[in-house]
Amino acid sequence: MSESLLKAENLTVRYGPVTALHDVSIEVNKGEIVALVGANGAGKSTLLKTLSGLLRPAAGTITYRDINLAKTPAHEIVQSGLVHVPEGRQVFPRFSMRDNLLAGSFTKNFHTAGKRADAVIAATPLLARRSGSLAGQLSGGEQQMLVIQRALMAEPDMIMLDEPSMGLSPVLADQVLELVSKLRDDGMTVLLVEQNALGALEIADRVYALATGEVLYSGTSAELKDDESFADQFLGVVTADAERLGDQLAESGDG
Ligand code: ATP
């Protein structure tokens with residue numbers, strides 16, 4: 001039977017008068033990739049920020065293992081093994097790649113961190129070929145790999161990724177999703193926020209679909225792929241955008 005790692009129940013989160021999440025419940029089991037999909041403003045980032053202690057819920061409970069996260073400071077949540085990679089690839093631009101990685105190991109043994117940072121760079125082809133560069137000089141895809149690896153320096157049991165493929169070329173976006181899939185194969189538990197619902201469904205074990213702060217659908221990727229109403233609402237956006245783009249390219253003669 002699957003072992004529950006994180007359980008959020010009946011969460012309500014507000015920004016002043018704005019209710020961003022209403023009565024949201026999700027569960028992540030050990031070793032799963034769980035995807036959160038939904039349009040802009042659906043509440044995905046708010047949910048991750050609440051789970052990592054950056055926002056506090058107005059109502060509801062969050063349990064990670066047997067820890068009550070709703071009352072735990074963010075840095076202690078990292079120490080307990082749950083890390084959050086926010087959207088926007090926030091590297092320290094004037095630091096080297098290695099120093100960016102070291103910043104991720106603040107909860108761990110600093111003496112061994114240097115060796116681990118070197119090993120991470122050597123084992124990540126996208127980073128190894130730019131190892132002399134400052135983080136601010138890296139491409140979007142390279143920076144995304146760096147921030148994921150920086151989070152892994154904390155040696156987490158579970159990682160939460162907010163839109164890791166956003167703004168990347170299709171090839172790089174695929175590489176990032178491949179890395180996420182490999183992390184799960186190596187035993188990591190992943191909560192993945194993706195607007196590219198189709199890409200997320202390809203690698204996720206289970207999915208929650210959010211709209212205007214509420215969970216509208218949940219199920220295994222296989223179940224939701226077969227659910228026409230889910231596909232219309234959450235996969236249709238991708239299909240319609242791709243069709244529109246195809247039409248535009250054909251009209252401009254580039255397609
Ligand atoms: P995106 O993909 O655009 O990041 P999202 O699904 O992550 O969207 P959130 O960023 O969580 O959505 O936003 C959920 C709702 O909360 C939206 O209505 C948004 O406008 C509102 N919101 C988010 N941050 C704030 C804030 N700091 N102050 C007030 N309202 C906010």
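## The ligand and its polar contacts

A good place to start is K44, where a polar side-chain atom lies 2.8 Å from an oxygen atom of the ligand. Such a pair is a polar contact, meaning N or O atoms within 3.5 Å; within protein, one must be able to donate a hydrogen and the other to accept it, and residues adjacent in sequence count only if both atoms are side-chain atoms. The backbone takes part too: a polar backbone atom of G41 is 2.8 Å from an oxygen atom of the ligand. At S45, a polar backbone atom is likewise 2.8 Å from a ligand oxygen atom. On its own the ligand has 630 Å² of accessible area, and the protein covers 62% of that. Accessible areas come from the Shrake-Rupley method with a 1.4 Å probe, and for residues only the protein chains shown count as cover.

Before you read on, please note that this is a predicted model, in which local features need pLDDT of at least 70, side-chain atom pairs count only at pLDDT 80 or more, and totals for chains, interfaces and linings use all residues. Residues are numbered from 1 along each chain as its sequence is written, and side-chain values use heavy atoms, with hydrogens and water left out.

## Who surrounds the ligand?

Which residues come nearest to the ligand? Of the 13 residues around the ligand, they are N40, G41, K44, S45 and T46. A residue belongs to this shell if one of its heavy atoms lies within 4 Å of the molecule. Sorted by class, the shell holds four nonpolar, six polar and three charged residues. Here Ala, Val, Leu, Ile, Met, Phe, Trp, Tyr, Cys and Pro count as nonpolar, Asp, Glu, Lys and Arg as charged, and the others, Gly among them, as polar.

Helix α1, residues 44-51, gives the largest share of the shell, with three residues. Helices (H or I, at least four residues) and strands (E, at least two) are DSSP runs, numbered from the N terminus.

## The whole protein

Now step back to the full chain, which has 10 helices and 10 strands. Along its principal axes, the C-alpha trace spans about 55 × 55 × 40 Å. The radius of gyration of the protein is 19 Å, which agrees with the value near 18 Å for a compact globule of 255 residues. This radius is taken over C-alpha atoms, and the globule rule is 2.2 Å times the number of residues to the power 0.38.

Of the 255 residues, 49% are buried. Buried means under 20% relative accessible area, exposed over 50%, and partly exposed in between (1.4 Å probe, protein chains only). The protein has an accessible surface of about 12,400 Å², and carbon and sulfur atoms account for 51% of this surface. Among contacts with a separation of 6 or more, 65% join residues 24 or more positions apart; a contact means heavy atoms within 4.5 Å.

## A closer look at α1

Is α1 mostly covered or mostly open? Seven of its eight residues are buried, so this helix is mostly covered. The buried residues are K44, S45, T46, L47, L48, T50 and L51. Just after α1, G53 takes a positive phi of about 85°.

T46 sits in α1 and counts as buried at 8% relative accessibility. Leaving out residues up to four places away in sequence, T46 touches V13, Y15, A20, L21 and L55. From T46 to D205 the C-alpha distance is 22 Å, with their positions 159 residues apart in sequence.

## Two loops with a positive phi

Most residues other than glycine have a negative phi. R65 has a positive phi near 55°. This residue is in the loop between β4 (59-64) and β5 (67-68), and R65 is partly exposed at 37% relative accessible area.

E155 also has a positive phi, near 50°. Its place is the loop between α6 (140-152) and β7 (158-162), where E155 is partly exposed at 43% relative accessibility.

## Two more residues to find

L177 belongs to helix α7, residues 170-185, and is buried at 8% relative accessible area. Beyond residues up to four places away in sequence, L177 touches L192, E194, G199 and I203. The C-alpha atoms of L177 and I203 are 7.4 Å apart.

Q90 lies in the loop between β6 (82-85) and α3 (97-103). The side chain of Q90 reaches the backbone oxygen of E87 at 3.2 Å. Apart from neighbours within four places in sequence, Q90 is in contact with V147 and R150.
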